[in-house]
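This report looks at charged pairs and the nonpolar core in one protein chain. Please keep the sequence and the 3D view at hand while reading.

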Amino acid sequence: LVIADEPTPGLHKDVAKKVMSHFKQIAQGGAGILLITHDLELCIDYVDRIVVFYSGTTIEDLPASDFLDKNSLRHPYTKALFDALPSNGFSYIPGNQPYAKETSQGCVFYDRCGIREDRCRDEIPYVRKGGGFVRCVK
């Protein structure tokens with residue numbers, strides 16, 4: 001198992017792609033790779049799955065290929081990440097991510113979500129949906 005925590009910041013794009021290519025070769029050789037990154041656009045072409053965290057909580061686990069089409073994404077925050085990619089115009093949602101200790105029992109994205117409902121204040125189960133898992137009642 002190789003754990004790579006932010007291995008590419010500060011690298012020229014071509015060098016970063018080469019690093020990601022090496023990780024993919026290692027994985028194809030049978031090793032597990034856990035890549036922790038904020039560079040979603042870079043990693044999409046090199047990883048099998050993406051796990052999205054928000055405020056210390058796993059909100060979605062999906063095949064990387066789902067990021068090629070916004071309609072394949074399930075959680076509103078994951079869709080917001082898609083919109084924030086440089087190739088999608090750097091769109092953003094107002095507000096700030098709360099500290100993990102400041103979240104309530106319900107959806108950690110509740111305060112910033114444009115489609116929230118009262119039931120989102122209740123505990124949100126992590127359920128299988130499509131090719132992954134999501135923590136959203138919609």
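## Arg74 and its partners

In this predicted model, Arg74 is buried, its relative accessible area being 19%, a value that falls below the limit of 20% under which a residue counts as buried. Arg74 makes a salt bridge with Glu60, and the closest N and O atoms of the two are 3.3 Å apart. Because Arg74 belongs to the loop between β4 and α3 (76–84) while Glu60 belongs to strand β4, the pair ties together parts that are 14 residues apart in sequence.

Glu60 is likewise buried, with a relative accessibility of 0%. A network of salt bridges links Glu60 and Arg74 with Asp66.

## Further salt bridges

The structure holds six salt bridges, and one of them joins Asp61 to Arg49, with 2.8 Å between the closest N and O atoms. Asp61 is part of strand β4 (residues 57–63) and Arg49 is part of strand β3 (residues 49–54), so this pair ties together parts that lie 12 residues apart in sequence. The two partners fall into separate accessibility classes, since Asp61 is buried at a relative accessible area of 16%, whereas Arg49, at 39%, counts as partly exposed.

Glu117 forms a salt bridge with Lys138, in which the closest N and O atoms are 2.6 Å apart. This pair links distant parts of the chain, as Glu117 sits in the loop between α3 and β5 (127–129) and Lys138 in the segment after β6 (132–134), with their positions 21 residues apart in sequence. Glu117 is partly exposed, having a relative accessible area of 28%, and Lys138, with a relative accessibility of 39%, also counts as partly exposed. In general, side chains of opposite charge can pair when their charged atoms come close.

## The nonpolar core

The largest nonpolar core has 27 residues, and among these Leu40, Ile50 and Phe67 touch the most other members. At least two residues of this core come from each of α1 (13–28), α2 (40–43), β3, β4 and α3. As a general tendency, nonpolar side chains in soluble globular proteins are buried together.

When neighbours within four places in sequence are set aside, Ile50 is in contact with Leu40, Ile44, Glu60, Asp61, Leu62, Ala64 and Phe67. Ile50 thus meets two acidic residues already described, namely Glu60 and Asp61, of which Glu60 pairs with Arg74 and Asp61 pairs with Arg49.

Methods
Residues are numbered from 1 along each chain as its sequence is written. This is a predicted model: local features need pLDDT of at least 70, side-chain atom pairs count only at pLDDT 80 or more; totals for chains, interfaces and linings use all residues. Side-chain values use heavy atoms; hydrogens and water are left out. A salt bridge is a side-chain nitrogen of Lys or Arg within 4 Å of a carboxyl oxygen of Asp or Glu. Helices (H or I, at least four residues) and strands (E, at least two) are DSSP runs, numbered from the N terminus. Buried means under 20% relative accessible area, exposed over 50%, partly exposed in between (1.4 Å probe, protein chains only). A nonpolar core is a set of buried Ala, Val, Leu, Ile, Met, Phe, Trp, Tyr and Cys residues joined through side-chain atoms within 4.5 Å. Contact means heavy atoms within 4.5 Å.
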